[in-house]
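User: I am new to this structure and would like a close look at a single part of it, namely the disulfides and the sheet and core around them. Could you take me through that part slowly and keep the account connected?

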Amino acid sequence: MPALLALLLACGTGTIESTVDEDDGSGRLDTGAVDAALCINELMPDNQGALVEDDATPDWVELYNAEFETVSLVGWTLQLDGLEPVPLDALGALEATEPLLLFAAGIDDVREGQLPFTLDATGGALTLTGPNGTGQRIVYGVVQTNHAVARETDCCEGPECLVFTRTGTPGEENGG
């Protein structure tokens, strides 16, 4: 147990949690059933070289398709708290059991995998909502430079499956 505590203190502080949300018709999200086709699998809010893309080190979010069939991204949105939801329609579809890496560099070009916001290393909340109104929300505390908030295994459920990890595994299997 002391080794686990030391690992958590080295990688991040605060809490990380995952909640399942459902639109109750009032325009707000409440606890309810999840659309399990996609999940927020990992995120890195302070990338300073763990992943280099086109000579840049953007923050990133990895979505994962846990289904055994292709999932259309039409109607799906990703939202950073306090900002407008970002439609993922322009990305088309996500193949079965595949990850989708999106760069959170403040560039509004979803078709190219760029999100119009950056992630805050001091903490935040990110919500993925499906076309049927259900979704998933990850709330995280302070995350150290080049560390990720990740699911121990791809799309595992519950707050106990979220961990801080050094460098993350963007575009690769979690817990493989």
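Analyst: Two strands count as paired if DSSP finds at least two bridges between them. In this model, which is a predicted one, strand 3 and strand 4 are joined by 6 bridges and run antiparallel to each other. One of the residues of strand 3 that takes part in this pairing is Cys39, whose bridge partner in strand 4 is Tyr64.

These two strands belong to a wider arrangement, an open sheet of 6 strands with mixed pairing, in which the order is 10-9-4-3-13-14. At its edges lie strand 10 (114-115) and strand 14, each of which pairs on one side only. As a general matter, strands of a sheet pair through backbone hydrogen bonds, and they may do so either parallel or antiparallel.

From the sheet we can turn to the disulfides, of which the structure holds 2. When the bonded cysteines are counted along the chain, the disulfides follow the pattern 1-2, 3-4. One of them is formed by Cys39 and Cys155, with their sulfur atoms 2.0 Å apart. This disulfide links distant parts of the chain, since Cys39 is in strand 3 while Cys155 is in the loop between strand 13 and strand 14, 116 residues apart. The link of Cys39 and Cys155 is left-handed, with -95 degrees about the S-S bond, and both of these cysteines are buried.

Cys155 deserves a further word for its backbone, as this residue has a positive phi of about 60 degrees although it is not a glycine. The loop that holds Cys155 runs between strand 13 (147-151) and strand 14 (162-166), and Cys155 counts as buried because its relative accessibility is 14%, which is under the 20% cut-off. Asp54 also has a positive phi in a residue other than glycine, near 55 degrees, and is found in the loop between strand 3 (38-44) and strand 4 (59-65). Asp54, however, is exposed, because its relative accessible area is 70%, a value over the 50% cut-off.

The other disulfide is formed by Cys156 and Cys161, whose sulfur atoms are 2.3 Å apart. The torsion about the S-S bond of Cys156 and Cys161 is about 100 degrees, so this disulfide is right-handed. Both Cys156 and Cys161 are buried.

The remaining step is to see what is packed around strand 3 and strand 4. The largest nonpolar core has 30 residues, and those with the most contacts inside it include Ile40, Leu43, Val61 and Leu63. Strand 3 and strand 4 are among the strands that each supply at least two residues of this core, and so are strand 6 (77-80), strand 9 (99-104) and strand 14. Leu63 shows how these parts meet: leaving aside its neighbours within four places in sequence, its contacts include Cys39, Ile40, Leu78, Leu88 and Leu102. A second, separate core of 5 residues includes Met44, Leu51, Trp60 and Phe103. In soluble globular proteins, nonpolar side chains tend to be buried together.

A polar residue can be buried in this model as well, and Gln136, whose place is in strand 12, is an example, with a relative accessible area of 8%. The side chain of Gln136 is joined to that of Arg151 by a polar contact of 3.1 Å.

Terms used: Residues numbered from 1 in each chain as written. Predicted model: local features only at pLDDT ≥ 70, side-chain atom pairs only at ≥ 80, totals over all residues. Heavy atoms only, no water. Helix = DSSP H or I, 4+ residues; strand = E, 2+ residues; numbered from the N terminus. Buried < 20%, exposed > 50% of the residue type's maximum accessible area, 1.4 Å probe, protein only. Disulfide = S-S within 2.5 Å. Core = buried A, V, L, I, M, F, W, Y, C linked by side-chain atoms within 4.5 Å. Contact = heavy atoms within 4.5 Å. Polar contact = N/O pair within 3.5 Å; in protein donor to acceptor, adjacent residues only side chain to side chain.
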